[in-house]
Amino acid sequence: MLDALQHKAHSNVGGFTLKSKSVMVRYRSSVPISEAAMSIECSHEKTIRAVRPSARGCEECLKTGSKWVHLRLCRTCGHVGCCDDSPNRHASKHFHATGHPIIEGYDPPEGWGWCYIDEVLLDLTDRATPQLGPIPRYY
Ligand SMILES: [Zn+2]
Ligand SMILES: [Zn+2]
Ligand SMILES: [Zn+2]
């Protein structure tokens, strides 16, 4: 009986469309705390490099004349792409194309990073990338 209940709960959790900001909720609701603590560690922090941003804005949007909402900087290669709230989602596309796991919020540098693979926030306040300005804002 308990197994059946757990299975049901798990299916319900799996039914949501998870977005980045809901990840903490997912961990809280579906896994024991000790397990969650292990799950939210990122094994890619050692791949974070000091990079030079590739462009003053989303690299691809600048080429096509598109607009973006927020910018994300790849901490593997310096690619600047737009966030998932932007029409073209170039930062996510860059991750899927290259496998580069960690991006930094970049408008302006806010001191946080995000690992696409582990889906966790990282503290980059001591290693934020200075912004190459000026960068256009459309919001
Ligand atoms: Zn990671
Ligand atoms: Zn873009
Ligand atoms: Zn990259």
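**Exercise 1. Which residue of E5 stands opposite Gly113, and how do E4 and E5 run?**

Solution. Gly113 has Leu122 of E5 opposite it. Helices (H or I, at least four residues) and strands (E, at least two) are DSSP runs, numbered from the N terminus. E4 and E5 run antiparallel and are joined by four bridges.

This is a predicted model: local features need pLDDT of at least 70, side-chain atom pairs count only at pLDDT 80 or more, and totals for chains, interfaces and linings use all residues. Residues are numbered from 1 along each chain as its sequence is written, while chains are lettered from A and ligands numbered from 1 in the order in which they are written.

**Exercise 2. Which side chains of E5 point to one face and are buried?**

Solution. Step 1: in a regular strand the side chains alternate between the two faces of the sheet. Step 2: a residue is buried if 20 or more other C-beta atoms lie within 10 Å of its own, exposed if 12 or fewer, and partly exposed in between, with C-beta atoms placed from the backbone. Step 3: Val120 and Leu122 share one face and are buried, whereas Leu121 and Asp123 point to the other and are not.

**Exercise 3. In what order do the five strands form the sheet, and which strands stand at its edges?**

Solution. Step 1: two strands pair if DSSP finds at least two bridges between them. Step 2: the five strands form an open sheet in the order E2-E1-E3-E4-E5, with antiparallel pairing. Step 3: E2 and E5 each have a single partner strand, so they stand at the edges and one side of each has no neighbour in the sheet. Step 4: for E1 and E3, the antiparallel pairing has three bridges. In this pair, Arg72 stands opposite Gly105 in E3.

**Exercise 4. Across which strands does H5 lie?**

Solution. H5 lies across E1, E2 and E3. The helix runs at about 120 degrees to E2. Axes are lines fitted to C-alpha atoms, for helices over the stretch in contact, and angles run from 0 to 180 degrees between N-to-C directions. Two residues are in contact if their C-beta atoms, placed from the backbone, lie within 7 Å.

**Exercise 5. How many residues does the largest nonpolar core have?**

Solution. Step 1: a nonpolar core is a set of buried Ala, Val, Leu, Ile, Met, Phe, Trp, Tyr and Cys residues joined through C-beta atoms within 7 Å. Step 2: the largest one has 19 residues, and those with the most contacts inside it include Cys58, Ile103 and Leu122. Step 3: E1, E2, H5, E3, E4 and E5 each give two or more residues to this core. Step 4: beyond residues up to four places away in sequence, Ile103 touches several residues, among them Leu73, Ala91 and Trp114.

**Exercise 6. What phi does Glu119 take, and is this residue buried or partly exposed?**

Solution. Step 1: the phi of Glu119 is near 55 degrees, a positive value in a residue other than glycine. Step 2: Glu119 lies in the hairpin of E4 and E5, which has four residues between the strands. Step 3: Glu119 counts as partly exposed because it has 18 C-beta neighbours inside 10 Å.

**Exercise 7. Where in the protein chain is confidence lowest?**

Solution. Step 1: pLDDT is the predictor's confidence in each residue, from 0 to 100. Step 2: the lowest confidence is in helix H1 (residues 2–14), at a mean of 43, and the highest is in H5, at 98. Step 3: over residues 1–31 the pLDDT is below 50. Step 4: where pLDDT is low, the predicted coordinates should not be read in detail.
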